[in-house]
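Work through the exercises below with the model open beside you. Try each task before reading its solution.

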There are 4 protein chains.
Amino acid sequence: MASSKYEYVKQYELDDTLLPGCWIVIRLDGRGFTKFSDLHGFEKPNDKRALDLMDECAREVMNEFPDIRLAYGESDEYSFVLARNTDMYGRRAAKLVSLIVSCFTANYVARWPAHLPDTPLRASPMFDGRAVCYPLDSNLRDYLAWRQADTHINNQYNTCFWALVKSGKTPAEAQDTLKGTQAAFKNELLFREFGINYAHLPEQFKKGSVVTRQKALVEVKQKEDGTPVLRERSVPTVLYVDIIRDEFWEGNPQLLAP
Amino acid sequence: MASSKYEYVKQYELDDTLLPGCWIVIRLDGRGFTKFSDLHGFEKPNDKRALDLMDECAREVMNEFPDIRLAYGESDEYSFVLARNTDMYGRRAAKLVSLIVSCFTANYVARWPAHLPDTPLRASPMFDGRAVCYPLDSNLRDYLAWRQADTHINNQYNTCFWALVKSGKTPAEAQDTLKGTQAAFKNELLFREFGINYAHLPEQFKKGSVVTRQKALVEVKQKEDGTPVLRERSVPTVLYVDIIRDEFWEGNPQLLAP
Amino acid sequence: MASSKYEYVKQYELDDTLLPGCWIVIRLDGRGFTKFSDLHGFEKPNDKRALDLMDECAREVMNEFPDIRLAYGESDEYSFVLARNTDMYGRRAAKLVSLIVSCFTANYVARWPAHLPDTPLRASPMFDGRAVCYPLDSNLRDYLAWRQADTHINNQYNTCFWALVKSGKTPAEAQDTLKGTQAAFKNELLFREFGINYAHLPEQFKKGSVVTRQKALVEVKQKEDGTPVLRERSVPTVLYVDIIRDEFWEGNPQLLAP
Amino acid sequence: MASSKYEYVKQYELDDTLLPGCWIVIRLDGRGFTKFSDLHGFEKPNDKRALDLMDECAREVMNEFPDIRLAYGESDEYSFVLARNTDMYGRRAAKLVSLIVSCFTANYVARWPAHLPDTPLRASPMFDGRAVCYPLDSNLRDYLAWRQADTHINNQYNTCFWALVKSGKTPAEAQDTLKGTQAAFKNELLFREFGINYAHLPEQFKKGSVVTRQKALVEVKQKEDGTPVLRERSVPTVLYVDIIRDEFWEGNPQLLAP
């Protein structure tokens, strides 16, 4: 049973190397998460437990793959930014996408009980992934701005929508009320009708989650007497901050460094 | 905070549609499973619990994605064969690879305790994936034959290797003993030195796992009195059979049907 | 002035290998040929001189690249079919497309005076090209049938259109007359109004040009006394025949042979 | 003879769009030009007539395609640089490569007699082409520096090689003499043995040809009395200049402008 006569099939594996010298973004999205979140009784419009779980998975992905500079997440999606000059897995698209998705999914299932202790996992959470290349720093910043603007727009809409629905409107009525309205209208609606000051909502909901590596003291081992031995390490850390304006990038020059 | 000025970044998502009219194979491989299996004390050369877990994950993937015709697994890898004319996710490579890998991984973690109840999961299992297209039925059969021949060759080698190591040789000595030897030598070595008749080893180890859809009576609901209501359904079923010879394909004409 | 510090730029050349085991079709199309044919006073609806020039170019391309099995041309386009298992230039798409287009273009310019001796070439003829893969023999036949059906439909339309225009109608009126009409109507129009029996028009116009390699006696050199030395050679030969029906393929089994 | 049942074959044409926002370089290379130049008796190591012909073809390509910012040529190759944000033919690789190659080839044949009036064209000149993307301005400059450094290195070697061969050495002996030698040695060899001061050789040979668009007065029509009407136009112009150092780029800021 020699395998040599079959080995020609390996030649059918075509190369999918991503263009060198570009920022690589791997974005993953939950598949069928509307249904998934209903099935598990996620709070609307945002379930902090589920968001914290997403954030923790993203941190674990960054622990696993040191070439990820930055991650940004909202709702059931997360984007991971690989260093412009990374040679991780030879920049092969399928390798990068599948491993990051696999790592994220494994952590999502494994860490679910810690975040939703009273809710048994009743279906397989699944994420699709894709790889996109961005040639310029400005393209990368615009990509992240696009996602964060999207977070804001979705969150404002969803906050209104669920306030209306919880107050007794049907989903169709809520949709009608909001159709074509501007941000100012929505803020006023929230405030006047429901006493919600949008500006005071949690930053995690309004801004999404930004994961960068921050210096922190970490216990690396214990001495014989049990005293912890601490070392400074670079640790993936979640922040809920604006990444559209320059301040963030000026304060984190290492992110775009060559 | 309009997102419109950033939306141009969507154009950077390039098309990765796989050629129509070809068989699509999605193969996933465990990442760093040598270390992962040591960490969890997998039996050598084969751990039936781990293989059964892999097989169950493959069945769940097939339950989730009806366009998968067939799956074949060995060790820490699994190949999924999509129908030649599938239009699943528009045949986009990244979508197909990531979703199948994600579904597999989620089940691997979720079903781990059922298969290895005494072994807590201490690391994230991760799988990479890739998509390969095969134009002809004969190419697809050769691909699967390549994997099954590989299973046989690896299993025979590993059975010898671990028998030698368990008998007191160092890994290096075991490697030396086996270097360049033929199948006949290995079979004789197993029999003479260790009383192992290779032909009698479990088919799962020698042939790998073949998952096809088989008709079976399935409980779809229960009557009020608790009696199960059974219906015939097509159910992903694991077999340990030869898929190199014609018999398998003649007996399962639906697999290659248009 | 060492070049070594710049050589990294070579890594940006990504692989564009076409899937092995598929038929490769390279189709080229004239760019801006409506204008080009006006500029050179091509006869309407078909200029036999220009079609013969296209055919001769196709033959020269086939002389140059022995892995081309078959070519099919109509109007200002030509399709070249490469053997399923060709390894010509490692199946790299850009190489195949550019060389075939380049060879065709070079011959178009060089052989123009022989076909249109009274018409100086006043602009650069240009062809774009693309590569398409077809997994099955039936796909390839359907591709060629698609092109030949297209030839027929276009030719019938154009024959009517130009008969109407030559008889004094404006292009807009001619278009209106033909809009939404069937083949039968067009045939009758040609016969009744213009005395043209469509069936009697040249096969080259109705069927397009099919180039295959045919055995023929070819002068390979001359003896000292000037007598030609003939040898049987496989020579690209143009036919105006139906390639949709089975007869052509049954009569030319070498075309689809492995 | 409806074509609709065959039209599905169009779906097999896969997308080959190049990444937006990158510089696109289309490089074409003569196929088999060693043989081609022998057949036509090109002077060694450089034939000015053949280089001028290449340069004129490049200018014509730039006349045809306004999105080409810059071209650089040496020997039988030419690189064309498309603007970073070009949307020419939707950035489809095969379109861009084939049209530029086709335009170049058509001009090569058509303009041959003007440049080599005493040498009939005896074979089809052919060029292959490829497309490469460069994300950063610095990558593009490094690409061009790579080609110009290559020109210099090749020209210095070839000048020595042909001087040795013309002086009576065999090609093998000439190769041996030059093997592993440095620039200084070659310059000295040329000077001492053949009285050639390398620095005084034509810039076209040493630097290759740089084509940019320069403002020039162009005759756009004639008045009734025959006086030419001149207008300022941007005209592709060949220069033999250093494009490695900053001066060139500082003097031509429009080349890298957004």
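## Exercise 1: Chain A as a whole

Among contacts in chain A (heavy atoms within 4.5 Å) between residues at least 6 apart in sequence, 70% join residues at least 24 apart. The model is predicted: local features need pLDDT of at least 70, side-chain atom pairs count only at pLDDT 80 or more, and totals for chains, interfaces and linings use all residues. Residues are numbered from 1 along each chain as its sequence is written, chains are lettered from A and ligands numbered from 1 in the order in which they are written, and side-chain values use heavy atoms, with hydrogens and water left out.

**Task.** State the secondary structure of chain A, the order of its elements, and its box.

**Solution.**
1. Count the elements. Chain A has eight helices and six strands. Helices (H or I, at least four residues) and strands (E, at least two) are DSSP runs, numbered from the N terminus.
2. Read the order. From the N terminus, chain A runs β-α-α-β-β-α-β-α-α-α-α-β-β-α.
3. Take the box along the principal axes. The C-alpha atoms of chain A fill roughly 70 × 55 × 40 Å.
4. Add burial. Of the 258 residues in chain A, 51% are buried. Buried means under 20% relative accessible area, exposed over 50%, and partly exposed in between (1.4 Å probe, protein chains only).

## Exercise 2: Relating the copies

**Task.** Which turn and shift lay chain B on chain A?

**Solution.**
1. Superpose by least squares on the C-alpha atoms of residues with pLDDT of at least 70 in both copies.
2. Read the operation. A turn of 180° and a shift of 0.0 Å along the axis lay chain B on chain A, with an RMSD of 0.1 Å.
3. Interpret it. That is the relation of a two-fold axis.
4. Check the interface. 100% of the interface residues of chain B are also interface residues in chain A, so these copies meet through the same surface.
5. Repeat for chain C. Chain C is laid on chain A by a turn of 180° and a shift of 0.0 Å along the axis, with an RMSD of 0.1 Å.
6. Locate that axis. D15(C) is the residue of chain C closest to the rotation axis, at 3.2 Å (C-alpha). The same surface serves both copies, as 100% of the contact residues of chain C recur in chain A.

## Exercise 3: A helix pair in chain C

**Task.** Describe how helix 4 and helix 6 of chain C cross, and which residues meet.

**Solution.**
1. Choose the descriptors. Two packed helices are described by the angle between their axes and the distance between the axes.
2. Fit the axes. They are lines fitted to C-alpha atoms, for helices over the stretch in contact, and angles run from 0 to 180 degrees between N-to-C directions.
3. Apply this. The axes of helix 4 (residues 137-166) and helix 6 (residues 183-194) of chain C come within 10 Å and cross at roughly 35°.
4. List the residues. Helix 4 of chain C brings Q156(C), Y157(C), T159(C), C160(C), A163(C) and L164(C). They meet A183(C), K186(C), N187(C), L189(C), L190(C) and F194(C) of helix 6 of chain C.

## Exercise 4: Two buried residues in chain A

**Task.** What do L178(A) and T86(A) touch, leaving aside residues up to four places away in sequence?

**Solution.**
1. Place L178(A). It is in helix 5 (residues 171-178) of chain A.
2. Check burial. L178(A) counts as buried, at 2% relative accessibility.
3. List its partners. L178(A) touches Y157(A), C160(A), F161(A), L164(A), K186(A) and L189(A). The C-alpha atoms of L178(A) and C160(A) are separated by 7.9 Å, and the residues are 18 apart along the chain.
4. Turn to T86(A). It lies in the loop between strand 3 (77-82) and helix 3 (93-115) of chain A, and counts as buried at 4% relative accessibility.
5. List its partners. T86(A) is in contact with I24(A), D67(A) and R91(A).

## Exercise 5: Backbone geometry

**Task.** Where is the cis peptide bond leading to P45(B), and what is phi of Y89(A)?

**Solution.**
1. Take the bond. From K44(B) to P45(B) the peptide bond is cis, with omega near 0°.
2. Place P45(B). It is in the loop between helix 1 (33-39) and helix 2 (48-64) of chain B.
3. Turn to Y89(A). Its phi is near 50°, a positive value in a residue other than glycine.
4. Check exposure. Y89(A) is partly exposed, with a relative accessible area of 26%.
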